[in-house]
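Please walk through this structure with charged pairs in mind, and after that turn to its nonpolar interior.

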Amino acid sequence: RRIARRAAARRRGAGRRAAADRGPALRVERVRPFAARRAQDANVARMSGFRHVVMFSWVDGTTTRQQQEVAERLLELPGVIPEIKAYSVGADAGVNPGNHDFVVVADFADRDGYLVYRDHPAHRAVVDRYVNPLLARRAAIQYELR
């Protein structure tokens with residue numbers, strides 16, 4: 001009798017652990033290779049051009065007002081330098097330790113547009129008057145957008 005009850009219980013699944021006891025179900029998704037995703041996504045606009053990203057760390061004692069002044073002066077540049085196609089500045093969100101304090105991201109049609117910006121007297125004046133006096137550390141990169 002005991003053997004018959006065990007066999008019947010196994011057929012009903014009573015001898016197996018309940019789904020909740022097994023932990024969360026493993027979800028498996030098929031991931032398309034990057035090239036395939038990019039080729040199939042017709043809604044993503046292709047962007048080309050040249051991007052400049054620069055990050056600043058300020059010297060100790062730099063005030064919030066001084067940082068706002070830097071941001072305000074930098075944000076005037078797109079109105080003065082027509083080669084700037086897109087421009088954003090911002091303070092670090094403070095999520096991770098060790099980050100720089102401030103970033104500028106600028107987009108241009110091409111490398112020549114960036115060089116005009118880099119050497120433009122209005123840009124040089126902002127950097128020399130507002131950025132450099134507060135600057136402890138700087139990191140920058142420029143790259144082609146594809």
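With which residue does E69 form a salt bridge whose closest N and O atoms are 2.8 Å apart? The partner is R73. This is read from a predicted model. E69 and R73 both belong to helix α3, where four residues, about one turn of the helix, separate them.

E69 has another partner as well. A salt bridge joins R65 to E69, and here the closest N and O atoms are 3.2 Å apart. R65 and E69 are again four residues apart, about one turn of the helix, and both lie in helix α3, which covers residues 64-75. These pairs are part of a network of salt bridges that links R65, E69, E72, R73 and E76.

The accessibility of these residues can be set side by side. E69 has 18% relative accessibility, and because buried means under 20%, E69 counts as buried. R73, at 25% relative accessibility, counts as partly exposed. R65 is partly exposed too, with a relative accessible area of 44%. The acidic residue E69 is thus buried, while its partners R65 and R73 are partly exposed.

In general terms, side chains of opposite charge can pair when their charged atoms come close. The structure holds eight salt bridges. One of them lies between the side chains of R51 and D107, with an N to O distance of 2.6 Å. R51 sits in strand β1 (residues 49-58) and D107 in strand β3 (residues 102-108), so this pair ties together parts that are 56 residues apart in sequence. Are these two residues buried or exposed? R51 counts as buried at 19% relative accessibility, and D107 is buried with a relative accessible area of 7%.

The nonpolar interior comes next. The largest nonpolar core has 21 residues, and those that touch the most other members are V70, L74, L77, Y87, F102, V104 and Y117. At least two residues of this core come from each of β1, α3, β2 (84-91), β3, α4 (111-119) and α5 (121-131).

Which residues does L74 touch, leaving aside those up to four places away in sequence? They are Y87, V89, F102, V104 and V126.

Helix α3 therefore appears in both parts of this account, because R65 and E69 lie in it and it supplies at least two residues of the core. Strands β1 and β3 also supply at least two core residues each, and they hold R51 and D107 respectively.

Conventions:
Residues numbered from 1 in each chain as written. Predicted model: local features only at pLDDT ≥ 70, side-chain atom pairs only at ≥ 80, totals over all residues. Heavy atoms only, no water. Salt bridge = Lys/Arg side-chain N within 4 Å of Asp/Glu carboxyl O. Buried < 20%, exposed > 50% of the residue type's maximum accessible area, 1.4 Å probe, protein only. Core = buried A, V, L, I, M, F, W, Y, C linked by side-chain atoms within 4.5 Å. Contact = heavy atoms within 4.5 Å.
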